[in-house]
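A colleague asks on what grounds certain structural terms are applied to the protein shown below. Each term is to be justified by setting a value against its criterion.

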Amino acid sequence: MNAGTRYTCGAVLTCDESMTVHRPGVVDVDGGGRIAWVGAGPQAPALAEGWTERRCDGLVMPGLVNVHCHSPMTLLRGQGDALPLATWLTDVIWPREARMDAEDVYRGMVLASAELLRYGVTTSVEMYFHHGALARAVDESGARCVMTPGVVVAPGWERFGGWQRQVDYVERMHARYRDHPRIDVGFGPHSAYTLPDEALRVVGQRARELGMMVHLHLAETEHEGDGVSARHGGASVPRVLADLGLFEGNHVLAAHGVWLSDPDIALLAGQDVAVAHCPGSNAKLASGIAPVGDLRAAGIPVGLGTDGPASNNDLDLWEELRFAALLARLTGRDPTALSAADALGMATRGGAAALGRDDLGVLAPGRWADMLRIDVSDPAFVPVLGPDDLIAHLVFSAPRQVIRDVWVAGEQVVADGSCLRVDVPAAATRAQRAAAALAVPDG
């Protein structure tokens, strides 16, 4: 095995709190796929014996972290457009998902993994079902994934048994992938409105006992929690979840967080709760705009998510970070509300923080070498008069074609824009056939 590789780059953007840029820069990656050293080229230590050196034109930066996905929904991309969320779910999505088997999930996730990697997303958080098939697809593509198998009581989910059986399944998946270097498992209770109180209480308890993350939908639409609140004397859904013990002692990732009141935000800030901001999906479904400024001001970790490709309709996190900045400025009527650096930070170190991970999102010693190489010779990067220009152009002007190479844990998985471990045309053909079959009702 190679002792390690030195990447000598035109520039290195670390995505640390200061958004440090080294021009030229060096990233040393050890044989185990972790960063050993990063800094300015002239300050690099002598190359260790047995190490190789690779010169990289352009800019190297951390891979993006997509903190809320249902990526196998590539098979459902664009279905049920222009419908309210409840109608979209009950009339279009859930009936199709009820017909999906493990092989369908595998086909959808293979295509999704290729899409994510080519967009420079090296880590995704996946809430879905048939996670053995999902994990097989992720493993084959070389991507990194946090799987949060769904626990839900909804039409079509009867085939997975009741919520108790689903909880047992999550625990088995956790044990199965405990030692996998790129796949982690958490609990995915869908939401307070699709589960009884006892299920949420049990998930909170089991997550504490096993040290597992909890990932759920929260306050995505204005009235989704009305029934829950009515059963609890008018209490808000975050208050109900806290009273049920879901937050206590757990790291919780709440997707969306659009309709959170000031007391709700204060409550989440007092717990270990992060928010996955999904501006594209929320806009497409007309769900609303999350109060990102208030969440960040309260000290709540905020990462970015695409949501599923059926409600977005892609897995392009660059689009999300651009949209997040524009919406924050528009709603606040403040052009300084969310800077380009802030938005890029939400997609990198912010995503890592939202997952409670200190080994992702920044190019720093000890972290995984999940990296991108950006071609800065593209006209979108003209002019560059200082480090801030590089970041601004990345966020607001660079086309996706500038993402040329991608590494996960030091292994190159995209080279010159092409996936190395996924046959994309074949994956697209298989996904098309599966999607066509799902669109035809049984009988």
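The following exchange concerns a predicted model and takes the terms one by one.

Q: Why is Thr74 called buried or exposed?
A: Thr74 has a relative accessibility of 9%. Buried means under 20%, so Thr74 counts as buried. The residue is placed in the loop between β6 (64–69) and α1 (85–97).

Q: What makes the approach of Thr74 to Gly108 a polar contact?
A: The side chain of Thr74 reaches the backbone oxygen of Gly108 at 2.8 Å. The cut-off for such a pair of N or O atoms is 3.5 Å, and the value of 2.8 Å therefore satisfies the distance criterion. Not counting residues up to four places away in sequence, Thr74 touches Gly108, Leu111, Ala112, Glu115, Pro309 and Leu315.

Q: Why is Ala82 called buried or exposed?
A: Ala82 also lies in the loop between β6 and α1, and its relative accessible area is 70%. Exposed means over 50%, so Ala82 is exposed. Phi of Ala82 is near 65°, a positive value in a residue other than glycine.

Q: What makes the pair of Tyr128 and Phe129 stacked?
A: The ring centres of Tyr128 and Phe129 are 4.4 Å apart, with 15° between the planes. Rings pair if their centres lie within 6.5 Å, and planes under 30 degrees apart count as stacked; the pair therefore meets both criteria. Both Tyr128 and Phe129 are buried, and together with Trp157 and Phe160 they form one aromatic cluster.

Q: How do you know that Arg159 lies over the face of Phe129?
A: Arg159 is at 5.1 Å from the ring centre of Phe129. The distance limit is 6 Å, with a further condition of 35 degrees from the ring normal. The distance of 5.1 Å is within that limit, and Arg159 is assigned to the face of Phe129. Likewise, Arg34 lies over the face of Trp368, at 3.9 Å from the ring centre.

Q: How do you know that Cys69 is in no disulfide?
A: A search of the whole structure finds zero disulfides. For Cys69, the nearest cysteine sulfur is that of Cys278, 8.1 Å away. A disulfide requires sulfur atoms within 2.5 Å, so Cys69 is in no disulfide. For Cys419, the nearest cysteine sulfur is that of Cys69, at 15 Å, and Cys419 is likewise in no disulfide.

Q: Why are Cys69 and Cys419 called buried?
A: The relative accessibility of Cys69 is 0%, and the relative accessible area of Cys419 is 14%. Both values fall under 20%, so both residues count as buried.

Q: Which residues have the most contacts inside the largest nonpolar core?
A: They are Leu13, Met61 and Leu344, in a core of 124 residues. Helix α2 (residues 102–118) gives the most to this core, with nine residues. Leu13 touches residues including Val21, Leu59, Met61, Leu344 and Ile391.

Q: Which prolines follow a cis peptide bond?
A: The bond from Arg23 to Pro24 is cis, with omega near -10°, and so is the bond from Val382 to Pro383, with omega near 0°. Pro24 is found in the loop between β2 (21–22) and β3 (25–30), whereas Pro383 lies in the loop between β16 (371–374) and α14 (387–396).

Definitions and conventions
Residues numbered from 1 in each chain as written. Predicted model: local features only at pLDDT ≥ 70, side-chain atom pairs only at ≥ 80, totals over all residues. Heavy atoms only, no water. Core = buried A, V, L, I, M, F, W, Y, C linked by side-chain atoms within 4.5 Å. Buried < 20%, exposed > 50% of the residue type's maximum accessible area, 1.4 Å probe, protein only. Helix = DSSP H or I, 4+ residues; strand = E, 2+ residues; numbered from the N terminus. Contact = heavy atoms within 4.5 Å. Polar contact = N/O pair within 3.5 Å; in protein donor to acceptor, adjacent residues only side chain to side chain. Phe/Tyr/Trp six-rings, centres within 6.5 Å; stacked < 30°, edge-to-face > 60°.
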